[in-house]
Amino acid sequence: MSSVVTSRSVATDTPSSSSEFADFVQETSALTKRLFVQLQRRPTTLIAGIIQPLMWLFLFGALFQNVPAGMFGESQNYAQFLGAGVIVFTAFGGALNAGLPVMFDREFGFLNRLLVAPLVSRYSIVAASALFIVTLSLVQAATIVVAGAFWGAGLPGIGGLMAIVAILLLLVLGVTGLSLGLTFALPGHIELIAAIFVTNLPLLFASTALAPLSFMPGWLQVVASLNPLSYAIEPIRYLYLHEAWSLGSIVMAGPFGEVSFGGALAILAGFAALALAIIQPLLHRRFA
């Protein structure tokens, strides 16, 4: 069964009027609600998503707890250094898996039914997935922040916590877009799961989540400096270490030069915009 896309859904990628924007919000709200209903029926997904990063935090924190002070930059202990990496990698992992529910909808035929509906924009599918993942990521991040505070990582201020929310939103939006792009491009869930496995750990180890840039060989420093995860990790790490911060604060000194807090946010925003632009043609694919 192939989908027949209506002229309205093809002609508009983004809402262009107030009425279309209201319809877009309604579409996004309905699709987001559906994801939360699925979560309510399978709460083990959230439970596992909370337990796993806590295991990362405590096990890796315990593994390196006797490392001499100063080996990880300004961090007082490894738990303080690791906290930012665990927060970002947890959000990244959730966003990378965002395409799986849509892929199963596609294989069971629900996605075809959705695509033949007169959607204002198929980006409502992306927005709903991003909102769902951001909500889960904030719950997970809150758990990690509280646990890290007891482990000796400290606690960012109110402004810092709000900045963490903004950083996670930008990262999740970009990664969710790429995950949904793979969902529309790949033939089935086996290929999507394989792509997730191939992507997940290499991006973790090729970032500053577990070790600072200064610990890495030159070639890996270049790779880590090209990894968008690093531009989410380093600002959050800076928030843990500094009560006073601004958009001009230098959060990373890499092989391509120094990166400010505002520069890292701009890179994440550019990454999200690029991901959404890349997947635009894929959103109009037809499925048999």
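**Cavities and ring pairs**

The largest cavity in this predicted model has a volume of about 120 Å³. Its lining is made up of Leu 31, Arg 34, Leu 35, Pro 101, Val 102, Asp 105, Phe 110, Leu 111, Leu 114, Ile 125, Ala 128 and Ser 129. Helices α2 (18-41), α5 (99-108), α6 (110-115) and α7 (123-151) each give two or more residues to that lining. By class, that is nine nonpolar, one polar and two charged residues.

The search of the whole structure gives two cavities of 30 Å³ or more. The second largest has a volume of about 40 Å³. Among its lining residues are Trp 56, Phe 89, Leu 204 and Leu 210. Helix α4 (residues 78-96) gives the most here, with four residues. No charged residue lines this second cavity; the classes are seven nonpolar and one polar.

Now to the rings. Four aromatic pairs turn up in the whole structure. Phe 36 and Phe 132 are edge-to-face, because their planes stand at 75°, with the centres 5.0 Å apart. This pair joins helix α2 to helix α7, with the two residues 96 apart in the chain. Phe 36 is partly exposed, at 30% relative accessible area, whereas Phe 132 is buried, at 11%.

Trp 56 and Phe 89 are a tilted pair, 5.8 Å centre to centre and 50° between the planes. Trp 56 is in helix α3 (residues 44-63) and Phe 89 in helix α4, 33 residues apart. Phe 89 is buried, with 13% relative accessible area. Ring pairs also bring in Phe 92, giving a cluster of Trp 56, Phe 89 and Phe 92.

One last contact: the charged end of Arg 237 sits over the ring of Phe 81, 3.5 Å from the ring centre.

Terms used: Residues numbered from 1 in each chain as written. Predicted model: local features only at pLDDT ≥ 70, side-chain atom pairs only at ≥ 80, totals over all residues. Heavy atoms only, no water. 1 Å grid on protein atoms, 1.4 Å probe; cavity = no way out; pocket = protein on both sides within 12 Å on 5 of 7 lines; lining within 4 Å. Points joined across faces, edges and corners; volume = space filled by probe spheres on them. Nonpolar A, V, L, I, M, F, W, Y, C, P; charged D, E, K, R; others polar. Phe/Tyr/Trp six-rings, centres within 6.5 Å; stacked < 30°, edge-to-face > 60°. Buried < 20%, exposed > 50% of the residue type's maximum accessible area, 1.4 Å probe, protein only. Lys NZ or Arg CZ within 6 Å of the ring centre and 35° of its normal.
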